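Q: Got a minute to go through this model with me? I'd like the overall picture, then some local details.

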Amino acid sequence: MRAPFHDPLVIALENEYLGLSTDLRTKGVMARTSKDLLSWSEPFALLKETPASIKNHVDTDAFWAPELVKRKDEWRLYLCASRFGTTQSVIGLAKSKEPKGPYEYVGDVVVSQHNHTFTQANAIDPCVCADRDGKDYLIYGSFFGGIRILPLNEDGFKSEFYEGKRIAGGNHQAIEGAYVWYHKESDKFILFTSWGDLNWDYHIRVGYADEITGPYIDSQGFDMTDLDPIHHPGDKISGGYNFDLTDFEGVKATGHNSLLHDKDGCIYIVNHARPEGARTRPFLQIRRLFMNREGKPLVWPLEYDGNAIKSAEKLKEKWKFAHQSRFNNGVAYAVSRSLSEISAVRDGDEIALSLFKKDWKGYVYKQGEITAMTLRSEDGEALWGVSEG
């Protein structure tokens, strides 16, 4: 059974994993633990009481999309709460010596007020990332005023009294759930963002920057702050899909991701999703994330099931391919193709092919008994393939 998570964050501890998410079943910053990323404990609260300042500002006991980072000998828990559909929101900070608490609330970091313009920054969905010199920045925001970035002091609070620089979205574009990661090998900062309706067409797009404060540019050359609806800025790396294969349930609304850096060096993209055709609770989706030679991310199409990903032997001829087009943000339905008709060329674990009037490059591996591919085009779209039979 898939674990119910919303806006998930998973951290590898010494002997277990700690998973945080938006409150679905309990109040007070919900958390679970797991030994294997498959079975999860019952939820428990990291913060027992709602701080008075948060209660006064938004009048709720429910917290959304927590962020947890370790700085020196303390764990910093950034939490947010909001009046749904408004910018009446707050991001707060709690600290502890242990990742599972107990946490002490130390104060509000960003507070946003609601007004009739709907254009100001919204204090939700916090993410903390350090620049090359170790200075922390807070990335946050959503619909309304877009995604913002703010410098933080050494104590974890903001160092400047303003909303922050806009680095993506704005003008009420359907964007939220930002996550920034510094990829050392390419020396780039990568901004992950979620777009669309979280119940239906949620999907993940990314941009790349030389500096943590941006500008974040996609593979087409568009800035992530571009408001032109025709441009669709951001490399689309994940969305809904249906391979039309036995034992492959259709999935929709893959979004609000974080990254899990596991103890063995593997990187996983962690997000929530929903079964296609059902408006049920979102479930936790964990998939491998590969980086190609150009420093661009490719999401593995198969969910983590405990099996290692390894080199595939001889490939079967018939495949199902799902195209993550930036112009179709619903469920991508797979088409059947044989490798010979799409000019597939394999070199070890790397593979190249032509499909949908585009050239694709990526990787082919085997997970358990299933052989699959993850590929990308030069303009930043994703293509996933699963072998038939």
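A: Here is a short walk through the fold, one strand and some backbone oddities.

A: This is a predicted model, so to speak of local features we need pLDDT of at least 70, side-chain atom pairs count only at pLDDT 80 or more, and totals for chains, interfaces and linings use all residues. Residues are numbered from 1 along each chain as its sequence is written, and side-chain values use heavy atoms, with hydrogens and water left out.

Q: What does the secondary structure of the protein chain come to?

A: One helix and 30 strands. These are DSSP runs numbered from the N terminus: helices are H or I with at least four residues, strands are E with at least two.

Q: How much of the protein chain counts as buried?

A: 60% of the 389 residues. Buried means under 20% relative accessible area, exposed over 50%, and partly exposed in between, with a 1.4 Å probe and protein chains only.

Q: What box do the C-alpha atoms fill?

A: Roughly 65 × 45 × 40 Å along the principal axes.

Q: Switching to β3. Is it buried or exposed?

A: Strand β3 spans residues 30–34, and five of its five residues are buried. Met-30, Arg-32 and Ser-34 point one way. Ala-31 and Thr-33 point the other way.

Q: Which strands pair with β3?

A: Strand β2 (residues 17–21) runs antiparallel to β3, joined by five bridges. Strand β4 (residues 44–45) also pairs with β3 in the antiparallel sense, over two bridges. Pairing here requires that DSSP finds at least two bridges between the strands.

Q: Which residues stand opposite Arg-32 and Ala-31?

A: Gly-19 stands opposite Arg-32. Phe-44 in β4 stands opposite Ala-31.

Q: Now the backbone. Where are there cis peptide bonds?

A: One runs from Gly-101 to Pro-102, with omega near 10 degrees. Pro-102 lies in the loop between β7 (89–96) and β8 (104–112). Another joins Gly-214 and Pro-215, with omega about 0 degrees. Pro-215 is in the loop between β15 (203–209) and β16 (235–238).

Q: Why point these out?

A: Because most peptide bonds are trans, and most residues other than glycine have a negative phi.

Q: What about phi of Phe-144?

A: Phe-144 has a positive phi of about 75 degrees, though it is not a glycine. Phe-144 sits in the loop between β10 (136–142) and β11 (146–151). Phe-144 is buried, at 7% relative accessible area.

Q: And His-172: what is its phi?

A: Near 65 degrees, a positive value. His-172 counts as partly exposed, at 43% relative accessibility.
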